[in-house]
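Got your viewer ready? Here's a short tour: at each stop, select what's named and have a look around.

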2 protein chains.
Amino acid sequence: MPLDKNHPLFEHLPLGRLMGKITKKYFGALSKKLDHLGIDRHFSPLIVIAETKEKCTQQYLSDMLNIDKVSMVRILDYLVKHGLIIRAVNPADRREHILQLTPKAKKIMPKILSGISDMNKTALKGLDKNEQALLYKFIETITKNVENLPGKKVDIKIKQ
Amino acid sequence: MPLDKNHPLFEHLPLGRLMGKITKKYFGALSKKLDHLGIDRHFSPLIVIAETKEKCTQQYLSDMLNIDKVSMVRILDYLVKHGLIIRAVNPADRREHILQLTPKAKKIMPKILSGISDMNKTALKGLDKNEQALLYKFIETITKNVENLPGKKVDIKIKQ
DNA sequence: TAAAATTAGTTATCAATGTTAACTGTTACT
DNA sequence: AGTAACAGTTAACATTGATAACTAATTTTA
């Protein structure tokens with residue numbers, strides 16, 4: 001049965017599903033595009049670290065990207081293993097690890113950024129500058145709307 | 001360190017990441033909201049099946065929702081196990097399974113649809129009707145833009 | 001029309017990620 | 001000083017995604 005792109009169910013699906021579909025395709029293509037840099041995922045943490053100079057902790061990354069801190073440990077292990085970041089204990093608060101890019105990461109960051117920029121351009125083809133700005137505004141609004149919804153995750157209890 | 005929502009890095013992140021964050025929060029909240037119906041995920045296939053009366057195959061579902069057919073088998077197993085759908089061999093092409101909603105599913109569909117509608121309303125709060133229509137138009141455009149990008153997935157070879 | 005290729009769906013395996021719990025070490029609160 | 005809270009880690013398990021190999025049915029093609 002052929003796929004009917006104009007089927008009316010498009011608007012009846014959960015908004016999250018529509019975005020999830022885009023997300024999956026987007027990262028599949030981005031991953032392939034940047035594979036040759038020796039890193040095929042976890043680009044976002046690098047960008048956050050780069051832009052949050054000298055102040056980026058793991059907790060901050062988790063909050064910014066909405067990735068739980070346990071998964072974040074594994075992601076950062078991956079980035080450390082690939083020689084892209086280092087963890088340094090914060091002298092001001094020895095619980096925290098300040099994350100920093102290695103020289104190797106700094107070297108390939110321009111390529112990563114331009115790869116992402118190209119992907120964004122591809123994804124947004126057909127939208128003019130005004131429409132693109134509007135889309136980002138919408139995304140920001142929606143992000144804030146869903147940010148504090150009660151989810152399924154339960155607070156972890158500390159047992160003494 | 002407090003989370004700065006107005007940090008400029010927002011626009012430097014991959015578009016897929018921004019949407020992925022929304023997706024995660026959205027489904028976390030939706031899952032909690034509809035938990036009492038005895039189904040906490042996989043709402044989208046039900047909607048596609050309901051709207052594609054008598055003609056919905058597994059392959060069609062995979063294409064519509066961009067979920068690979070192997071995962072789709074598991075998702076449909078879940079829905080069958082929960083008594084929400086049945087698989088019926090298509091007499092016209094005995095390779096295909098036509099998916100149908102059970103009476104139980106038909107009964108709770110209105111609640112699922114209104115739950116999704118409420119979630120969409122919550123997510124889109126602050127956007128007027130025009131803006132919402134514009135957002136859907138943008139999503140449709142972006143979906144088409146990324147649909148046929150070369151991803152990481154490789155065609156499965158058939159060994160004889 | 002018989003052989004070959006394709007299609008729909010399944011099972012198995014492994015990798016990546018999400019979730020929950022329990023833990024260490026550090027800092028803040030009272 | 002004792003308790004609570006916080007940042008990060010480890011472990012165990014569930015879910016999902018990717019790849020390969022397979023069966024059965026259908027279509028292509030030589």
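Start by selecting Lys137(A) and Glu131(B), which form a salt bridge whose closest N and O atoms are 3.6 Å apart. You're looking at a link between chains here: Lys137(A) sits in helix H6 (residues 129-147) of chain A, and Glu131(B) sits in helix H6 of chain B. Keep in mind as you go that this is a predicted model.

Are these two partners buried or exposed? Glu131(B) has a relative accessible area of 18%, so Glu131(B) is buried. Lys137(A) counts as partly exposed because its relative accessibility is 42%.

Next, pick Glu147(B) and Lys21(A). This is another salt bridge, with 3.4 Å between the closest N and O atoms. Glu147(B) belongs to helix H6 (residues 129-147) of chain B and Lys21(A) to helix H1 (residues 15-34) of chain A, so this pair joins two chains as well. Both Glu147(B) and Lys21(A) are buried.

Now for a pair that stays in one chain. Select Arg87(B) and Asp77(B): they form a salt bridge too, and their closest N and O atoms are 3.1 Å apart. Arg87(B) is in strand E1 (residues 85-89) of chain B while Asp77(B) is in helix H4 of chain B, so the pair ties together parts ten residues apart in sequence. Arg87(B) counts as partly exposed, at 31% relative accessibility, and so does Asp77(B), at 37%. If you'd like to hunt for others, the structure holds twelve salt bridges over all chains.

Zoom out and colour chains A and B. How are the two copies related? Chain A superposes on chain B (RMSD 0.1 Å) after a rotation of 180° with 0.0 Å of shift along its axis. The two copies are therefore related as by a two-fold rotation axis. They also use the same surface: 100% of the contact residues of chain A recur in chain B.

Now over to the DNA. Select DNA strand C and show what's around it: 26 residues surround this strand, and the closest are Asp68(A), Arg74(A), Gln58(B), Gln59(B) and Lys69(B). Of the atoms of DNA strand C that come within 4 Å of the protein, 55% are accounted for by sugar and phosphate.

Want to see some phosphate contacts? Try these side chains, each with an N or O atom beside a phosphate oxygen of DNA strand C:

- Arg41(A), at 3.1 Å
- Lys24(B), at 3.2 Å
- His42(A), at 3.5 Å

Switch to the cartoon view. Which helices supply at least two residues each to the surface near DNA strand C? They are helix H4 (69-81) of chain A, plus helix H3 (58-65) and helix H4 (69-81) of chain B. H4(B) gives the most, with four residues. Colour the residues of this surface by type and you'll get 13 charged, seven polar and six nonpolar.

For the last stop, go to Thr102(A), in the loop between strand E2 (97-101) and helix H5 (103-123) of chain A. Thr102(A) counts as buried because its relative accessibility is 12%. What does its side chain reach at 2.6 Å? That's the backbone oxygen of Gly83(A). Show the neighbourhood too: apart from neighbours within four places in sequence, Thr102(A) is in contact with Gly83(A), Leu84(A), Ile85(A) and Ile86(A).

Key: Residues numbered from 1 in each chain as written. Chains lettered and ligands numbered in written order. Predicted model: local features only at pLDDT ≥ 70, side-chain atom pairs only at ≥ 80, totals over all residues. Heavy atoms only, no water. Buried < 20%, exposed > 50% of the residue type's maximum accessible area, 1.4 Å probe, protein only. Polar contact = N/O pair within 3.5 Å; in protein donor to acceptor, adjacent residues only side chain to side chain. Contact = heavy atoms within 4.5 Å. Least-squares fit on C-alpha atoms with pLDDT ≥ 70 in both. Near = heavy atom within 4 Å. Nonpolar A, V, L, I, M, F, W, Y, C, P; charged D, E, K, R; others polar. Salt bridge = Lys/Arg side-chain N within 4 Å of Asp/Glu carboxyl O.
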